[in-house]
Amino acid sequence: MQVADAAGNDVRTAGRVLVAADKFKGSLTAVQVAARVTAGLRRVVPDLDVESLPVADGGDGTVDAAVAAGFERREVRVAGPLGHEVTAAVALRGDTAVVEIAEASGLQRLPDGVLAPLTASTYGSGELLRAALDAGVRTIVFGVGGSATTDGGAGMLSALGARFLDGAGDPVPPGGGGLAELARADLSGLDPRLAMVDLVLASDVDNPLTGPKGAPAVYGPQKGASPDDVTALDAALVHYAKVLEQAIGPRAAEHAASPGAGAAGGIGYGALVLGARFRPGIEVMLDVLGFAPALERASLVITGEGSLDTQTLHGKAPAGVAAAARAAGKEVVAVCGRLALPPETLGRAGIRRAYPLTELEPDVAKCIADAGPILQRVAENIARDFLV
């Protein structure tokens, strides 16, 4: 089929293009990325059939991706990481809920952006899980990433009915630092509805709870933890796991060493204690969002995120999209703000070619500030290279 582009030239249209990209953190949401890419493609091929499926890997933006895919957004008032009330959301469709820790306990929820590595709590995330239970769902996809917390999920468990007490029988202070005072854990009051749901821990992090690859050592500094704070938090979480072992038996220690336990400051550990099953976040989200049928309809897939780098290859959204597309025999290209992977590495990941914003605008600050218009121009280049 012949159509005319913006300059009046005849071009050949391709089949359906699937835009399945994650956010450009700090610049564009996944929904905005899809909109800009679509606009750029259609500048060159006006009648192009484009399907948008914003994706996420369980981190911040996961609820937004679910809502973009047709889930209902339901807002609730919950505790932020320092106890102040915030408005957070869960995504609901049928008997499935998508819950995202960053909605309640994320770095963006800290008042004035002041980091609090020892005192930030996941209590609000537990309240979000409770809201999902109140909605009567049977499956909860629990996306963990972008948290301000390192409390091992103790706050979340408290919101769901657990009690963490000091030697005097009083509740320990909130946050990972307070767990150093823990003397007894009582999980007998946990919400009984938890036993009736399939809780899926969706994360791209496979770290254990503690140790050199644990939550405090690897992610604590990103949340403002000094070297002394990291040492204190690691010791507190080791102690926390031992006290939980006294309460629920050897599985507490097994969970602490399990992949995913260290996700989001150890909330992964708390989720495993609740009986969650760990799955790579992007795999879960692609299932939930209906990626497989969208992929079947596509002839070209465009994925991406803010920075394509070595972290991308370890469970991030573009790698998951590319792997699934390659298995289906579909061609994949990627958009990004910054590219730090050579062509051969991209090829092994299933990505034919990557288009960074910095290729059009070398000034990184301008790329961040004007990401939308630059991305639209990048998409025009993709259309010229692959669709005409």
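Trainee: Which side chains does a polar contact of 2.7 Å join?

Mentor: This is a predicted model, and in it the side chains of Ser-105 and Ser-125 are joined by that polar contact. Ser-105 lies in helix H3, which spans residues 101-105.

Trainee: Is Ser-105 buried or exposed?

Mentor: One reads this from the relative accessible area, where a value under 20% counts as buried. Ser-105 has a relative accessible area of 0%, and is therefore buried. Leaving out residues up to four places away in sequence, Ser-105 touches Pro-81, Ser-121, Thr-122, Gly-124, Ser-125, Ser-147, Ala-148 and Thr-149.

Trainee: Where is Thr-87, and which side chain shares a polar contact of 2.4 Å with that of Thr-87?

Mentor: Thr-87 belongs to strand S6, residues 85-93, and the partner is the side chain of Arg-77. Apart from neighbours within four places in sequence, Thr-87 is in contact with Glu-75, Val-76, Arg-77 and Arg-109. Its relative accessible area is 32%, so Thr-87 is partly exposed. Separation along the chain is a further item to read: Thr-87 and Glu-103 are 16 residues apart, while their C-alpha atoms are separated by 8.3 Å.

Trainee: How should I read the separation of Cys-336 and Ile-267 in sequence and in space?

Mentor: The two quantities are read side by side. Cys-336 and Ile-267 stand 69 residues apart in sequence, and the C-alpha to C-alpha separation is 30 Å. Cys-336 is in strand S14 and is buried, with a relative accessible area of 0%. Beyond its neighbours within four places in sequence, Cys-336 makes contact with Phe-24, Glu-305, Gly-306, Leu-308, Tyr-355, Pro-356 and Leu-357.

Trainee: At what angle do helix H1 and helix H15 pack?

Mentor: A packing angle is read together with the distance between the axes. Helix H1 (residues 30-44) and helix H15 (residues 371-386) pack at about 45°, and their axes are 7 Å apart. H1 is therefore oblique to H15. The crossing in which H1 passes H15 is right-handed.

Trainee: Which residues make the contact of H1 with H15?

Mentor: On the H1 side they include Val-33, Arg-36, Val-37 and Leu-41, and on the H15 side Leu-375, Gln-376, Ala-379 and Ile-382 are among them. By class, the contact has ten nonpolar, three polar and four charged residues.

Trainee: Which residues of helix H12 are buried?

Mentor: In H12, residues 317-327, the buried residues are Ala-317, Pro-318, Ala-319, Gly-320, Val-321, Ala-322 and Ala-325. Their surroundings are then read from the elements against which they pack, namely helix H10 (281-289), helix H11 (291-297), strand S13 (300-308) and strand S14 (331-339). After H12 comes Gly-329, with a positive phi near 75°.

Trainee: What is phi of Asp-112, and what is phi of Ala-264?

Mentor: For such residues the sign of phi is read first, and then the setting. Asp-112 has a positive phi of about 60° although it is not a glycine. Ala-264, also a residue other than glycine, has a positive phi near 50°.

Trainee: Where are these two residues found, and is each buried or exposed?

Mentor: Asp-112 is in the loop between H3 and helix H4 (123-134), and is exposed, with a relative accessible area of 79%. Ala-264 is in helix H9, residues 263-273, and is buried, with a relative accessible area of 11%.

Methods
Residues numbered from 1 in each chain as written. Predicted model: local features only at pLDDT ≥ 70, side-chain atom pairs only at ≥ 80, totals over all residues. Heavy atoms only, no water. Helix = DSSP H or I, 4+ residues; strand = E, 2+ residues; numbered from the N terminus. Buried < 20%, exposed > 50% of the residue type's maximum accessible area, 1.4 Å probe, protein only. Polar contact = N/O pair within 3.5 Å; in protein donor to acceptor, adjacent residues only side chain to side chain. Contact = heavy atoms within 4.5 Å. Axes fitted to C-alpha atoms, helices over the stretch in contact; angles between N-to-C directions. Parallel < 35°, antiparallel > 145°, perpendicular 65-115°, else oblique. Left-handed = near helix turned anticlockwise from the far one by under 90°. Nonpolar A, V, L, I, M, F, W, Y, C, P; charged D, E, K, R; others polar.
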